[in-house]
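User: Please take a close look at the sheet architecture of this model. I would like the strand order and the pairing set out formally, with the criteria stated.

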Amino acid sequence: VMNRVFVAVALAGTAVLGAPVAAADVVGFTSPSGNIGCILSEDLLRCDVATRDWSPPPRPADCPDFTDFGQGIMVNQYGPARFVCAGDTTLGAGPALPYGQFEAGGGMSCNSEPSGMRCSNSDGHGFTISRQAYSLF
């Protein structure tokens with residue numbers, strides 16, 4: 001419950017010149033294994049992974065040292081997917097999303113598959129994320 005509130009507050013803080021994102025506008029869900037946690041809002045889809053066998057790319061210069069980098073991948077309604085640079089987490093953000101089911105909204109969707117989460121946006125960009133691997137497309 002604490003993570004869910006923290007994530008909603010973190011998202012609300014990112015609203016610029018708009019209405020803050022209310023907690024009700026954020027949907028949280030978790031892989032059946034519990035290793036991947038995701039959130040979906042009207043303009044962001046993000047999944048973090050707890051345990052992974054891969055390493056993210058090098059930290060970009062615009063990601064401050066006091067934040068975590070590469071713990072997850074995110075995508076907006078349009079544009080390419082990118083690695084997360086943030087001090088919060090989406091792990092434990094909601095109930096398990098059974099394999100074969102999906103969560104969708106704001107032109108974005110995420111499918112729960114035995115191989116991990118597969119998420120995409122309105123213009124076909126997205127990512128896959130699992131314990132074993134990731135991909136950006």
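Analyst: The account below treats the sheets one after the other. The model is predicted, so local features need pLDDT of at least 70, side-chain atom pairs count only at pLDDT 80 or more, and totals for chains, interfaces and linings use all residues. Residues are numbered from 1 along each chain as its sequence is written, and side-chain values use heavy atoms, with hydrogens and water left out.

One open sheet has five strands in the order 1-2-3-4-5, and its pairing is antiparallel. Strands here are DSSP runs (E, at least two residues), numbered from the N terminus, and two of them pair if DSSP finds at least two bridges between them. Strand 1 (27–30) and strand 5 (82–86) lie at the edges; each has a single partner strand, so one side of each is left without a neighbour in the sheet. From one strand to the next, the twist averages 30°, where axes are lines fitted to C-alpha atoms and angles run from 0 to 180 degrees between N-to-C directions. Four bridges connect strand 1 with strand 2 (residues 36–40) in the antiparallel sense. Within this pair, G28 stands opposite I39 of strand 2.

Another open sheet of five strands follows the order 6-7-8-9-10, again with antiparallel pairing. Strand 6 (102–105) and strand 10 (134–136) are its edge strands, each pairing on one side only. Neighbouring strands of this sheet are turned against each other by 10° on average, direction ignored. Strand 6 runs antiparallel to strand 7 (residues 108–113), and four bridges join them. There, E103 has C110 in strand 7 as its bridge partner.
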